[in-house]
Amino acid sequence: MIKQRKALEKIKAYIPGKPAEDVERELGISGVVKLASNESSWGPSERAIQAYRNAADGLAVYPDGSSAELTTALCKKFGLKPENIAIGCGSDEIMYLIAKAYINEGDECVTADVTFSTYSLAVESMGGVMRYVPLKNYAFDLDGILGAITPRTRLIFIANPNNPTGAIFTHAEQEAFVERLPRDVVVVFDEAYAEFTTSLPYVTYPDTLAMMKKHPGVILCKTFSKIYGLAALRVGYAAASPEIAELLNRIRPPFNVNSAAQKAAAAALRDEGYIAMVADNNKQALDFLDYELDKMGVRHIPSAANFVLIDTERDADEVFQALMREGYIVRSGKPFGMDTFIRVSTGKPAQMAGFIEKFRKVMGIID
């Protein structure tokens, strides 16, 4: 019998949500709305779509291994230099590269007990040990993270806003955390949903780029899958010190990001007006869900992202299945250890109204 690496014995495969087409086929229904994976219901901008189509002329040629056009666009927008950037096939690949770069067998990584599963998958695949800190008010407990650091800690993963809760911590809280962080520990701030916070007046969101420039162990991780609407193309990036970025670029696979993804992401980044529109519509969807759920007396977590975590006070899988039969795919909280919660992505007004109607029906809530 061929033996696998011992570190892989406890790794469980990530199970994505069902595509709407599969649900329609299995249940014999049509018009299914998927609100499970925090995808953008608005999709990418027309500029990004056109850039994607234009890339078809170069399908016989390997992509630019340095992602020069996208790197240049990122540098222009955020005041960075090319040596600060590493482009990945989604931010997931960046996280795996970071774990590969810094985790040896037995090294430790600290994160929250309820957060994005890729952190543990990446670290444990390298033989690393995860240390989990409970959330505080559904966001990362930064003081708790600092308290969990040991001499074996090499890496910290922090999501802000957190997935699946949507809760955030502020600039002042993050700055105080970074100042107290041991200089031999690398911290990754995963800001997959940060762009949605720009339309929220009550949010004092961290300036992680400024902290990265002052503290060489800080990595900012971003994706084009959420507000930019390019989830199908799998493109993300890390902004870090030249030393860290060089290491990530050294070990990443050559030609890891395809040409269409590079072109579409660069075009999406430049279309600032479109992104502002999506952020504003997301705020309206959040406000609508807050109002309707409050009116029903249903507990939910205030969110700064493009999803809302709702406490159904009953078995989350049962609610998930019932909503799916009604044509709405949401995410059960059970994989996160939140057995009565469902996570619902925001959508367009008709999708939000339809979800509330079906949620009322499934929950037996009558005006």
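This passage describes a four-stranded sheet, the helices around it, one buried histidine and a separate pair of strands in a predicted model.

The sheet is open and contains 4 strands in the order β9-β10-β13-β12, paired in the antiparallel sense. Strands β9 (300-301) and β12 (331-332) form the edges; each has a single partner strand, so one side of each lacks a neighbour in the sheet. For β12, the pairing with β13 (residues 341-345) is antiparallel and consists of 2 bridges. Within this pairing, R331 has R343 of β13 as its bridge partner.

Helices pack on this sheet. Helix α12 (residues 316-325) touches β12 and β13, and its direction makes an angle of about 40 degrees with that of β13. Helix α13 (residues 349-363) lies across β10 (307-311) and β13, and runs at about 160 degrees to β13.

Helix α11 (residues 272-296) comprises 25 residues. From its first C-alpha to its last, α11 reaches 36 Å, close to the 36 Å expected at 1.5 Å a residue. The buried residues of α11 include Y274, I275, V278 and A279, and also N281, N282, E292 and M296. The buried residues of this helix pack against α10 (259-270), the strands β9 and β10, and helix α13. Thus α13 appears in two settings: it lies across β10 and β13, and it is packed against by buried residues of α11. After α11 comes G297, which has a positive phi, near 75 degrees.

Residue H300 is placed in strand β9, one of the edge strands of the sheet. Its relative accessibility is 12%; because buried means under 20% relative accessible area, H300 counts as buried. The side chain of H300 makes a polar contact of 3.1 Å with the side chain of D290. The H300 side chain also reaches the backbone oxygen of V298, at 3.0 Å. When residues up to four places away in sequence are not counted, H300 touches D290, L293 and D294, together with V308, L309 and I310. Of these contacts, L293 is also listed among the buried residues of α11.

A further pairing involves strands β3 (residues 108-112) and β4 (residues 129-133), which run parallel and are joined by 5 bridges. In this pair, E108 stands opposite V129 of β4. Between the two strands the chain passes through helix α5 (residues 118-125), and the resulting β-α-β crossover is right-handed. The pairing of β3 with β4 is therefore parallel, whereas that of the sheet containing β9, β10, β13 and β12 is antiparallel.

Key: Residues are numbered from 1 along each chain as its sequence is written. This is a predicted model: local features need pLDDT of at least 70, side-chain atom pairs count only at pLDDT 80 or more; totals for chains, interfaces and linings use all residues. Side-chain values use heavy atoms; hydrogens and water are left out. Two strands pair if DSSP finds at least two bridges between them. Contact means heavy atoms within 4.5 Å. Axes are lines fitted to C-alpha atoms, for helices over the stretch in contact, and angles run from 0 to 180 degrees between N-to-C directions. The expected span of a helix is 1.5 Å times one less than its number of residues. Buried means under 20% relative accessible area, exposed over 50%, partly exposed in between (1.4 Å probe, protein chains only). A polar contact is a pair of N or O atoms within 3.5 Å; within protein, one must be able to donate a hydrogen and the other to accept it, and residues adjacent in sequence count only if both atoms are side-chain atoms. A crossover is right-handed if, with the strands pointing away from the viewer, the path from the first strand over the helix to the second runs clockwise.
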